[in-house]
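The following exercises concern strand order, helix packing and ligand surroundings. Each task is followed by a solution in steps.

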Amino acid sequence: MHRILNYLNPIVRLGDQKYSIFFPLFFTLVLCFLIDLLVYRILNNPSAAGLYAIILPLATIIYFSFRDGIRGGVIASVITILFYIYIVSFHPTPNQTPEQRTTQWLTIVALGFLFLLIAGTIGWLKHTIDRLIHQEANEKRRLQAILQQLPVGVLITDSKGKIIQGNKQVEVILGRKMREGLTAGKDSINNATVKSSSDNLLDQSNKPVLPRQWPLAQTLVSKKPVVGKEFTLISENGKKVHLQISASVIKNSEGKVIAAASIINDITLQKELEERKDDFVNMASHELKTPITSMKLYMESLLEGVKKLKDERVTKAAKSIKYQTDRLQVLVSDLLDVSRIQTGKLMFSKEEFRLDGLIIETVESLQGVLNKQKIYISGKTPIKVYADKFRIYQVITNLLTNASKYSPNDSEIKVSIKRNGKKALVGVADQGIGISRDQQKKIFEKLYQVTDSKEKTFPGLGMGLYISKEIIKRHKGEIWVESEKGKGSTFFFTLPLR
Ligand code: ADP
């Protein structure tokens with residue numbers, strides 16, 4: 001029954017571009033036969049011919065023009081006109097004058113034109129609608145094919161967060177089918193099909209990701225794009241899948257949010273390579289540490305012996321070897337620290353000490369080494385903190401050596417220390433090359449160095465500030481820089497007071 005209704009319903013066929021010839025031909029012929037039977041044999045009333053033979057065929061012509069296009073409408077019109085010719089020829093009206101007969105033929109010609117015009121117009125409309133629907137369907141199919149074959153996972157939601165589309169890659173990455181009707185923000189990929197564990201999507205600090213923290217939900221709330229957020233998905237068999245996810249809302253031309261899209265990248269391979277590289281750096285620095293330490297020890301006794309020789313060239317060479325060995329030791333220890341940070345193994349042994357005292361000691365010991373610039377200290381008030389003394393010494397040394405490294409020889413470096421609420425605030429100001437605003441956040445990233453073609457290059461690996469930031473952060477303090485290009489920089493850090 002349903003199939004028959006679909007076959008008859010012209011609306012269901014819109015866009016199909018299927019036009020039958022047989023059905024309009026057969027139907028109109030049967031209709032004409034039935035009208036003939038009704039008017040001339042059952043009712044035997046030729047004056048009823050006008051009513052049945054015009055209204056019913058006209059409806060048929062309109063129906064077939066809409067159902068089967070110009071072809072259907074023209075077939076129904078031609079058969080109807082032939083039927084009129086048959087009526088006029090085989091059922092002539094008695095006592096007809098020649099003028100009446102001419103009028104009858106003229107009426108048939110006029111009706112013929114009218115029917116063909118109707119068939120042509122409706123049929124043409126039908127063809128146009130079909131073509132447009134077909135084009136749109138093709139475009140949709142093309143987009144679907146592109147979406148499905150993209151090498152990254154794509155999820156699209158409506159403006160309320162309900163997932164309306166996702167490509168195959170999403171399922172490949174997640175290793176399971178997406179549940180239908182999922183809503184970002186209410187439920188998430190986490191509990192898509194896994195009932196037992198709703199905490200299998202973890203953020204970078206290994207905490208379970210709540211549905212509202214899912215990038216699609218975040219972008220829908222904030223209307224701002226979420227770029228390259230990293231997550232770890234623990235699959236059902238315990239395998240770790242590292243994901244990088246970006247999401248953004250999609251707006252219409254009036255600026256109204258109509259959807260949101262998210263791109264999911266599987267970066268597991270990249271992460272594994274990174275982990276292997278970190279492991280290698282860790283191993284290499286451990287292996288280097290021992291020979292460098294003994295080299296340093298031997299160098300010290302060698303230097304003593306060399307000094308007794310009183311040969312200036314040899315003494316200079318030995319001093320230079322010692323200096324380079326010291327540098328190598330700092331470098332290796334920085335490398336080890338970076339790898340400890342990466343693997344979460346940077347440990348602190350905290351004690352109570354006077355920060356002002358540590359700063360004075362550090363400045364005094366460094367002033368001898370960095371005798372290019374004069375270092376001043378302001379605000380030597382006693383300030384006690386509870387921290388890892390060696391690590392804080394490391395931060396101050398790093399800031400001071402940087403201030404010296406990136407400043408001209410005859411400039412000044414000012415170190416300030418004061419209380420600021422419940423925190424100690426330390427500042428290291430130089431009169432050096434300065435750092436542009438867009439670089440100020442980046443210099444605290446791992447291995448980041450400012451590269452400026454106009455500036456001379458300075459030796460370094462970009463590890464110092466990254467390590468300092470991690471040390472201060474782990475002490476619940478903050479570290480930042482205020483600077484203007486060409487006018488010097490001031491690095492600040494805070495530490496909670498004891
Ligand atoms: P490194 O000094 O070994 O390159 P850091 O992590 O200590 O590494 O510093 C990162 C970058 O920040 C440096 O390469 C430099 O470009 C910039 N920088 C750090 N301190 C200063 C400063 N006082 N003045 C200007 N630029 C600085």
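**Exercise 1.** Determine the strand order of the six-stranded open sheet, and state which strands lie at its edges.

*Solution.* Step 1: the order is E2-E1-E6-E5-E4-E3, with antiparallel pairing. Strands here are DSSP runs of E with at least two residues, helices are runs of H or I with at least four, and both are numbered from the N terminus. Two strands pair if DSSP finds at least two bridges between them. This is a predicted model, in which local features need pLDDT of at least 70 and side-chain atom pairs count only at pLDDT 80 or more, while totals for chains, interfaces and linings use all residues. Residues are numbered from 1 along each chain as its sequence is written, and side-chain values use heavy atoms, with hydrogens and water left out.

Step 2: strand E2 (163-166) and strand E3 (201-202) are the edge strands, each pairing on one side only.

Step 3: within the sheet, seven bridges connect strand E4 (residues 226-234) to strand E5 (residues 240-251) in the antiparallel sense. Val 226 has Ala 247 of E5 opposite it.

Step 4: helix H7 (residues 268-309) packs on this sheet and touches E4, E5 and strand E6 (257-266); contact means heavy atoms within 4.5 Å. The direction of H7 makes about 130° with that of E5. Axes are lines fitted to C-alpha atoms, for helices over the stretch in contact, and angles run from 0 to 180 degrees between N-to-C directions.

**Exercise 2.** Analyse the five-stranded open sheet: its order, its pairings and the helices that pack against the strands.

*Solution.* Step 1: the order is E8-E10-E11-E13-E12, and the pairing is mixed. Strand E8 (374-378) and strand E12 (479-483) form the edges, pairing on one side only. On average, neighbouring strands are turned by 20° against each other, direction ignored.

Step 2: E8 pairs with E10 in the parallel sense over five bridges, and Lys 374 has Glu 412 of E10 as its bridge partner.

Step 3: E10 and E11 run antiparallel and are joined by seven bridges; Val 415 is opposite Val 428 in E11. Their hairpin has two residues between the strands, and Gly 421 adopts a positive phi near 65° there.

Step 4: E12 is paired with strand E13 (residues 489-496) over five bridges in the antiparallel sense. Ser 483 has Ser 489 of E13 as its bridge partner.

Step 5: helix H11 (residues 464-474) packs on the sheet, where it touches E12 and E13, and its direction makes about 25° with that of E13. Helix H9 (residues 355-369) lies across E8, strand E10 (412-420), strand E11 (423-429) and E13, at about 170° to E8.

**Exercise 3.** Which residues are closest to the ligand, and how is the shell around the ligand composed?

*Solution.* Step 1: the ligand is surrounded by 21 residues, the closest being Asn 402, Tyr 406, Asp 430, Gln 449 and Leu 465. A residue is near if one of its heavy atoms lies within 4 Å.

Step 2: the shell divides into 11 nonpolar, eight polar and two charged residues.

Step 3: helix H10 (389-405), H11 and E13 each give two or more residues to the shell. H10 gives the most, with four residues.

Step 4: an N or O atom in the side chain of Asn 402 is 2.8 Å from a ligand oxygen atom. For Lys 405, a polar side-chain atom lies 3.1 Å from an oxygen atom of the ligand. At Gly 464, a backbone N or O atom lies 3.3 Å from an oxygen atom of the ligand.

Terms used:
A polar contact is a pair of N or O atoms within 3.5 Å; within protein, one must be able to donate a hydrogen and the other to accept it, and residues adjacent in sequence count only if both atoms are side-chain atoms. Ala, Val, Leu, Ile, Met, Phe, Trp, Tyr, Cys and Pro count as nonpolar, Asp, Glu, Lys and Arg as charged, and the others, Gly among them, as polar.
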